[in-house]
Amino acid sequence: MRTRQMKTFSSLKPALRPAVRYRRELEGVIIFDPASMGIYATNPTGFLILKKINGRTSCAEIVERLQRRFVSTSRRTLRRDLRRFLEDLASVGLVDFEA
Amino acid sequence: MLTHLGAPIEVDFELLPYCNLRCVHCYSNAGPDQPRIGLSLRKIEALCDELVDLQVFKIYLGGGEPFAHRDILDIIQLAAQRSLAVTISTNGALLTERRLDALRRVPPALIQVSVDGACARTHDGIRGIGSFDKAVRALQLLVRAGLCTAIGTVACQSNYREIPDMLRLTLDLGVRSFHLMGLQPAGRALSHFEDQQLTEEQWLVLHKFFSHRAAALSNRIEFHIEIDKFVLFKNRLFTPQNHLDKFAKMWCTCPCSRSLCTITANGDVLPCALMRDVVAGNVHRQSLREIWKRSAGFAAIRRRSLGIAACSDCHFGDCCQGGCAAVTHNLTGKFTGADPRCELAK
């Protein structure tokens, strides 16, 4: 069961909702959702991930990319952090998932 | 310490000082006796281009009365063409069927109509005779046109008892959002502030009322209820968002000159619309980017919270940062020091 869940997550291709925009700041990223007029903030790592939330890149590929950047962090931790980050974005309606 | 963003998230435009009404609580002293001139369409277009370049996300069109600006529809259109999310604050009196047709073609993100009473007597007492019927008519037209609409209310002693009925009015009209904010001590409201501001007990009643209503009506209406945060702090009704890092905390406090600024009809750039004496620059002489980065006035306000001894040990220090710089300035004559409304800092 656990393996299947992990496989499912890995193959998901998250996409930012249309019109959602973001911009880099010195110490993080500001995200703007015109649909709700909501403003959100995340840390600089979030910027790396946001660039890949394009509906074409799978979660496994995003983890792969993060692993290249954070070589001393375990893949498991990166996968967990990515999942949490995507869940946060989804909870405020910023992302959709393509299987 | 990070004190401000690289560019504003939102820029507010006071399109013109003229207003067809003369509300007793207007923070910008707008009225029928004020000139009907403001920034030219060409200048606003150039500014919108700069806002896009700065990656500003949204603009707020106010005044005076923005629909008294002869180019208002063109301004909305050119902002929309640049993907700037537009909020318009209006009294509704100048909204016509023809303008609604144009708005339907380029819908703003939000049109907020000011309603300061649940009946004509209260609303007109604050905003002028006949203004209630015009505001309600405008809301009906906007809702029928399918535009995203809000009622904006300034809570004060004159309308406090009617606030539950105003929520009912919002529901009856089919308006999507209800925005409630406190009276701000600026412009004409400054002389009424002591008499008209709500008491702590009244804010607590409203907090309880909206806590229940927001849960019950969340599928029908969006609430933006700005309960006086000092009342929430004092009564421990506010939980600091500890999960936010210092970056998020910086911009979720008072946005004045940190993530927001105001451009007035003559091109002056203010930290916010409530702080009218601190002019950071003028867009006829400098770029907004230059003003944002180099203004000494902005720099002083951004550093303000660092020097407030009374706030250094406060549990809410991170998410309050000394309160509102504009209110502090308007009530004490200086913006160094804690917000005078805060009892915890006394």
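This briefing describes the sheet of chain B, the helices that pack on it or on each other, and the contact with chain A.

The model is predicted, so local features need pLDDT of at least 70 and side-chain atom pairs count only at pLDDT 80 or more, while totals for chains, interfaces and linings use all residues. Residues are numbered from 1 along each chain as its sequence is written, and chains are lettered from A in the order in which they are written. Helices (H or I, at least four residues) and strands (E, at least two) are DSSP runs numbered from the N terminus.

**The sheet of chain B**

- An open sheet of 10 strands with mixed pairing has the order β7-β6-β5-β4-β3-β2-β1-β8-β9-β10 in chain B, where two strands pair if DSSP finds at least two bridges between them.
- The edges are held by β7 (222-225) and β10 (281-282) of chain B, each with a single partner strand, so one side of each is left without a neighbour in the sheet.
- Strand β6 (residues 177-182) of chain B pairs with β7(B) in the parallel sense over four bridges, and B:F178 has B:F223 as its bridge partner in β7(B).

**Strand β2 and its neighbours**

- Five of the five residues of strand β2 (residues 58-62) of chain B are buried, so the strand is largely enclosed by the rest of the structure; buried here means that 20 or more other C-beta atoms, placed from the backbone, lie within 10 Å of the residue's own.
- On one side of β2(B) lie B:K58, B:Y60 and B:G62, and on the other B:I59 and B:L61.
- Strand β1 (residues 10-14) of chain B pairs with β2(B) in the parallel sense over five bridges, and these two strands form a right-handed β-α-β unit with helix α1 (residues 41-53) of chain B; right-handed means that, with the strands pointing away from the viewer, the path from the first strand over the helix to the second runs clockwise.

**Helices α4 and α5**

- The axes of helix α4 (residues 120-127) and helix α5 (residues 131-144) of chain B come within 8 Å and cross at roughly 105°, the axes being lines fitted to C-alpha atoms over the stretch in contact, with angles from 0 to 180 degrees between N-to-C directions.
- α4(B) and α5(B) are therefore roughly perpendicular to each other, a term that covers 65 to 115 degrees.

**Contact between the chains**

- 14 residues of chain B are in contact with 13 residues of chain A, contact meaning that C-beta atoms, placed from the backbone, lie within 7 Å.
- Helix α10 (residues 246-252) of chain B gives the most to the side of chain B that touches chain A, with three residues.

Conventions:
Contact = placed C-beta atoms within 7 Å. Parallel < 35°, antiparallel > 145°, perpendicular 65-115°, else oblique. Buried ≥ 20, exposed ≤ 12 C-beta atoms within 10 Å, placed from the backbone.
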